[in-house]
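Me: I am new to this one. Can you walk me through some terms and show what earns each of them?

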Number of protein chains: 2
Amino acid sequence: MNDRVYFSKWYLKGIRENPSTTGPFVKKFFNLDYRMYLRFLNWVPAALKMPESELIDHAGLDSTVYLRIYLLGLKIFVPIALLAFAVLLPINYTDRNFEILITNAKDITFSPIDKFSISNVPSGSKRLFVHIFMAYVFTFWTCYCLYKEYKIVTDMRLHFLATENRRPDQFTVIVRNIPPDTDESVSEYVEHFFRVNHPDNYLLHQVVYNANKLAKIVNQKKDLRNRLIYYTNKYERRPIKRPTTKAGFWGLWGKKIDAIDYYTKEIEKLSEQEVAERERVIGDPKAVVPAAFVSFKSRWGAAVCAQTQQTRNPTHWITDWAPEPRDVYWDNLSMPFIELNIRRSLMAGAFIGLTFFFMIPIAFVQTLANIESIEKVVPFLKPLIDTGPMKSIIQGFLPGIVLKIFLLVLPMILMEMSKIEGYFTISTLESRAAGKYHLFLLVNVFLGSVITGTALQQIQVFLEKSPSEIPKIASLAIPMKATFFITYIMVDGWAGIAAEILRVAPLIIFHLKNIFLVKTEKDRDEATDQGSLLWATFEPRMQLYFLLGLVYSTVTPLLLPFVIVFFAFAYLVFRHQVINVYDQKYESAASYWPDVHRRILIGLVMSQILLLGLLSTKAALHSTPFMLVLPVLTFLFHQYCKSRFESAFRKYPLQDAMIKDTLENAREPHLNLSAYLRGAYIHPVFKGIEVDTSMDVYEDDNPLVATKRKSHKGSSGELTDILVV
Amino acid sequence: MNDRVYFSKWYLKGIRENPSTTGPFVKKFFNLDYRMYLRFLNWVPAALKMPESELIDHAGLDSTVYLRIYLLGLKIFVPIALLAFAVLLPINYTDRNFEILITNAKDITFSPIDKFSISNVPSGSKRLFVHIFMAYVFTFWTCYCLYKEYKIVTDMRLHFLATENRRPDQFTVIVRNIPPDTDESVSEYVEHFFRVNHPDNYLLHQVVYNANKLAKIVNQKKDLRNRLIYYTNKYERRPIKRPTTKAGFWGLWGKKIDAIDYYTKEIEKLSEQEVAERERVIGDPKAVVPAAFVSFKSRWGAAVCAQTQQTRNPTHWITDWAPEPRDVYWDNLSMPFIELNIRRSLMAGAFIGLTFFFMIPIAFVQTLANIESIEKVVPFLKPLIDTGPMKSIIQGFLPGIVLKIFLLVLPMILMEMSKIEGYFTISTLESRAAGKYHLFLLVNVFLGSVITGTALQQIQVFLEKSPSEIPKIASLAIPMKATFFITYIMVDGWAGIAAEILRVAPLIIFHLKNIFLVKTEKDRDEATDQGSLLWATFEPRMQLYFLLGLVYSTVTPLLLPFVIVFFAFAYLVFRHQVINVYDQKYESAASYWPDVHRRILIGLVMSQILLLGLLSTKAALHSTPFMLVLPVLTFLFHQYCKSRFESAFRKYPLQDAMIKDTLENAREPHLNLSAYLRGAYIHPVFKGIEVDTSMDVYEDDNPLVATKRKSHKGSSGELTDILVV
């Protein structure tokens, strides 16, 4: 039965058959087939078997490239770890800073890990030059891996775009901020504008309706229908007594009424409202937002329109490459330019506030969560806590768990903030949310854990100390925090991935739905939530491990194996999930890669600056110029990669468009493109439920430009005929 | 006679007649017409008479908008000065910080100006809130002026572009970094590429020859010809003895020879070399650089090509809007992408070095140039120096003059650095040099004068002090430096403009040329150097006055009248120069405005930060949040202006291109565009001297693609015929 949760993708594709359909009734609730369990344990080799090209076909490029980030982590950190273990560990261990310190002052404590860290090298030691040299080697290796990976991903993306099938977004451009016109409706205005300014390329357009209210009604109806199904099922199982509910809010109070009758009636009421609202939206010109999807006769025409500026005022007629239809976030399509600017400024302010005020509770709880204060609060646990291993576990785990709880709530808040910012594709929303989350983790988890421990008010530190002081303060704490981050990797990283493979939440939800709502096989299919890669959450978290690995590679190399195990384990698990479970909601062809690349480089630069600070506290001041070169080189590397690769993720080159156009013309010379594109960008509430609505929407704005439209249709038809001949 | 120097532009246009041609011989050297001198004094009202629209026709948009920057200075500072005098002066003057200080410590000195400055308000005074309020008012007023001006300039630019006559650059795109191809020559490859990827728009292309060596020979020849003319003139005036020269280097040593014969022979030799080199360049495929000017059938086609990416590799086939033919800097057209990156990084490093090492001599000379050390070196001047007014003049002038000498050499160095960076238009070179010069002035003149006085090593200050300390240090010195900056404005600003109107250097050069080289009227025309607005020097200097005005508007408002007089005087003088003297070398349609706007805003933000620092030293710490809001608001304003206006200076909207195309098609349906565009982008050494060469160049690459070219010509001719009909 759980098969549907752990291999949901195959059901979606219709490849995997339902194992319970053939068995007796008991099997519906308890899977008696022991082979299933065996197979479940066998997922590791199975996950690795599928070759990459097949994986792209099966799960899309986004997921495939996402897995490559974990692989990249392995590629970067395995050689670094080998080198660090071979060179740095012996150097650190054979030095004797701690011995000196202990003879000087007896009250210094250090964990066994510290013996292997840079802390064991005394100030002013010549050995520190080995660390500088290794920092260079690690930087060059990381940059080399990043460069190669950027190149590979760029090629994969370009190949993917070149070979993918005909899709509406290849021909379509989204136009926003259409200025209001007193004489013409939005639809007419769009048509005239593009007929004049792209005379040889314009094909058709689709206006966007503000159907937010309608979508709300449809959702309400769906909810009520679920309740109705629940009560119908209940009645069918125990047909003695008709189920009742209460008329008040959420069925919690009010007088008792017959549930089935009540919900049937409510659904009918909503259906009427839905029809009325739908008619209003289609009929009312005010329901049309000043945005449209404009389709062209060729990919070349769309590429040209998307990359050029249309009018003098750059805030009007903004054209962008259209997202996939399922990637559109419809609610945000109608925002005017000025409002967008204001919203973004406000959200930037709100995010800064969130980032810095979140620190107060974290710091507060973390100062509570040390051994001494626990012993004070619960003195009877003292003998238990004081035993060696227990002590270090608590010391390590507690702050991690405190953080973890905070961080679980956060991505949703950040996603809502991104929605307020007004981006109109789900992929952009996710990448914006990921950016915020990454910044948050950087400031609050990494810097927060490093600096808060030494000085409570981080902001004040940044303002009051000189720029050369800050890395010193942070870097002094870095070696001491190694134990904390090792346990953090185990708690957050390892355990998080274990939870990921178990899919606890989807499992529970599926079984609840299965018991209460499922009647037919179709229902069961719908009850299965495949889920998708939570890019905006997973990627920034992973970046934290890149950062930790890079920072500790020269300071405490003992941390590296934990990072490596994380990447390896995560790669396995996510490969399984991507193959068997997740169903991506959209395909952006790995357009997020520049972000990934940039964030790893941010981690690299941070590691260099922290090492610089650490070395300057080690009185190796003459090493500063050597260390200052590294961030500059890294920045130049970033600039080079940006100019070399980034445009492949932002623009569609004309040559590629032309090649695809020519091939398609040769293969299908009589393709009716307008029939293919018509209705591709219809608000989802108009789709599905009543299939003919989508056609209505298009036909419906015809009468407004009826005479023109007809003559144009003829001429454009003739034109294409001529071109084809 | 001097008329040609002071009204050179009119001679160039052929409107003004030569006053000396009708008079007797004496008049050639001494202008006896007293009316000329009167007219010369009358230039002030004459300069103001010409309306702006006429000015644009007469002198171009670049110069007209340049004058508007001075006007903008007046618009910003006159109201600010009025307000500051009405509100801040009484408030400062009626307070009594200096009285308190003097009663406490007798050895404090202050100039009368300080009584009017913020220094006279004691720490912690409630009066400081008036200064904060005024900082808000000044910021809003400045931003309002800047916004209005940006809007006006944008409209002027768009109007100018929309109404300007047909120009080759409207139809042309410059393509750089054409990848090497084993089968085809550059010319063939370009033609194939654009025929395939812009099939409906491509018209013709012109390859670029690496004619740097040829240009050198042509220049040498020109130099020798001047010498020949000089000796011929000498001989004609004194026909008794043939002039002689020496055969060695620069005619300085070697045996005596007949000068006219020698130079005639040398010129012949060079002419032969020139012909040979010209043939080599045209014939040798290796002399073709991987760049080309590609012209399209319509402005729409060129706008599309310039704004889109052509191939997958963004470092190949880079397309940009073609500059005006006379704006092209030919030497830099052949640089490969990687080399450009390296050159720019190196130059960035060199510029940082230059900026900071220049400081050492400045600081050294400035410490020397105080009263005490002068009195030590020249003790006999002591009684003269010690008299009151003399003392303050020397104290003020000396550091200014020291700076001035340094700054005169600098723009040329910066221009050379920009050339090394590899930009290929003169306008970009100038704007890059201006950017560097601005940064230099900011660091060395402004911050250097402010901070060096208190602490010698500025870099160290920046590194060692905390970010909140730096503005404090700088701002402590700000009120004290008011006298210095007032004298600096007089020495650098006022005197500089007076020198500008006198045109001393061009006057001397003209007369030297006139005596030695001029024989015919044509020669005299050539001897007149109209000169042009030295944008890269003038604009950053002007920005310094914006900065000073903004910084001192709240601190020492007494400085404002000096700034205002500078702007008014400069406006008058440059309006006269632009109308009567300068002849711009190119027309960029005010494309520099975003830089001007940004730099004024940089000055505004600096003034806000310095005031913030000053207030925090005044123990008005609770005012910090009020002052922190201002830079944030200013930055948001900048972002808004950028998104709203900047694209008008970077891109050419398709709608505008389409309108111009349509109008032209209607007006001149049978225009032969390829004849018009052919030869428009020929290296200047192929032009002029032998007129038929330009045609040769184009014909010459015909045989390479002969068969194709012929058939294409026919078909494209037919195609345009069809389109026109």
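Me: How do you know that the span of helix H26 of chain A agrees with 1.5 Å a residue?
Reply: The expected span is 1.5 Å times one less than the number of residues. For the 21 residues of H26 (535-555) of chain A that gives 30 Å, and the end C-alpha atoms are 30 Å apart, so the two agree. Helices are DSSP runs of H or I with at least four residues, numbered from the N terminus.

Me: What are these values computed from?
Reply: This is a predicted model; local features need pLDDT of at least 70, side-chain atom pairs need 80 or more, and totals for chains, interfaces and linings use all residues. Residues are numbered from 1 along each chain as written, with chains lettered from A and ligands numbered from 1 in the order written.

Me: Why is H26(A) called largely enclosed?
Reply: A residue is buried if 20 or more other C-beta atoms, placed from the backbone, lie within 10 Å of its own (exposed: 12 or fewer; partly exposed: in between). In H26(A), 21 of the 21 residues are buried, so the rest of the structure largely encloses this helix. Across the 725 residues of chain A, 38% count as buried.

Me: What makes H9(B) roughly antiparallel to H25(B)?
Reply: Axes are lines fitted to C-alpha atoms, for helices over the stretch in contact, with angles from 0 to 180 degrees between N-to-C directions. The axes of H9 (128-163) and H25 (535-555) of chain B cross at roughly 150 degrees and come within 9 Å. Angles over 145 degrees count as roughly antiparallel (under 35 roughly parallel, 65 to 115 roughly perpendicular, the rest oblique). Therefore H9(B) is roughly antiparallel to H25(B).

How values were computed
Helices (H or I, at least four residues) and strands (E, at least two) are DSSP runs, numbered from the N terminus.
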